[in-house]
Amino acid sequence: MNDTVPSAEPQPKATRALAASTAGPKKRTVAVKAARQRGSLKDSAVTCIDKVDSTYLQTLMGYNARRAALSIIELFLERLAPYGLKPVDFSVMSTIQHNPGVTSRQLCASLNLLPPNLVGLIQSLESRGLIERKPHPHDGRAVGLHATPKGQALMVQAEQTATELEIEKTAKLTPAERKTLLKLLQKIYL
């Protein structure tokens with residue numbers, strides 16, 4: 001409940017607009033009518049469109065890459081949920097699986113992760129029994145990360161699922177187009 005007493009002084013336009021935007025439907029209609037009467041809102045300023053024009057956005061590489069990624073990630077989250085892996089977990093586990101003994105520093109550099117973000121992730125994967133830490137053979141200060149047999153078995157299934165869902169989501173592309181798209185995208189970030 002609002003205990004403040006309405007001010008008799010006129011409010012600035014920005015304050016009136018904020019009040020109208022946060023008001024209920026009836027108050028908003030009254031505010032719009034009042035604005036039209038004051039002449040601050042003209043009928044010609046109110047427009048309605050049937051179809052959204054995103055032509056410009058579709059010319060942007062980042063926009064298209066993000067839209068494609070979101071489309072794949074949505075299915076990825078659904079299909080990899082049974083494995084308990086989110087995209088970053090999957091990336092870290094896959095890198096460890098294919099690079100036994102990789103260090104945290106190497107993981108951060110390879111996957112563009114911040115070290116503080118990786119610490120909790122490594123602890124979580126270790127507590128699930130998916131990875132283990134072993135002394136680095138050449139650097140006494142470093143620790144190598146290795147997938148456990150449980151982690152290896154999980155990743156064989158998870159990587160197969162990821163491969164299948166990507167083929168499914170890119171079904172409109174030929175195998176050659178898919179290969180070209182991967183190559184072109186990698187030219188941007190590698």
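**An aromatic pair between two helices**

In this predicted model, the count of aromatic pairs comes to one. The two partners are F76 and F90, whose ring centres lie 5.3 Å apart and whose planes stand at 80 degrees; because planes over 60 degrees apart count as edge-to-face, the pair is assigned to that class. F76 belongs to helix α3, which spans residues 61-80, while F90 belongs to helix α4, which spans residues 87-98, so the pair ties together parts of the protein that are 14 residues apart in sequence.

Both partners were also examined for their accessibility to the surroundings, where a residue counts as buried if its relative accessible area is under 20%. With a relative accessible area of 9%, F76 is buried, and F90, with a relative accessible area of 13%, is buried as well.

The two helices that carry this pair are part of a protein that contains eight helices and two strands. Read from the N terminus, the elements follow the order α-α-α-α-α-α-β-β-α-α, in which the two strands come one after the other, with six helices before them and two after them.

For the protein as a whole, which has 190 residues, buried residues make up 23%. The exposed area amounts to about 14500 Å², of which carbon and sulfur atoms supply 58%. Among the contacts with a separation of 6 or more, 51% are accounted for by residues that stand 24 or more positions apart.

Terms used:
Residues are numbered from 1 along each chain as its sequence is written. This is a predicted model: local features need pLDDT of at least 70, side-chain atom pairs count only at pLDDT 80 or more; totals for chains, interfaces and linings use all residues. Side-chain values use heavy atoms; hydrogens and water are left out. Helices (H or I, at least four residues) and strands (E, at least two) are DSSP runs, numbered from the N terminus. Buried means under 20% relative accessible area, exposed over 50%, partly exposed in between (1.4 Å probe, protein chains only). Contact means heavy atoms within 4.5 Å. Accessible areas come from the Shrake-Rupley method with a 1.4 Å probe; for residues, only the protein chains shown count as cover. Rings of Phe, Tyr and Trp (its six-membered ring) pair if their centres lie within 6.5 Å; planes under 30 degrees apart count as stacked, over 60 as edge-to-face and the rest as tilted.
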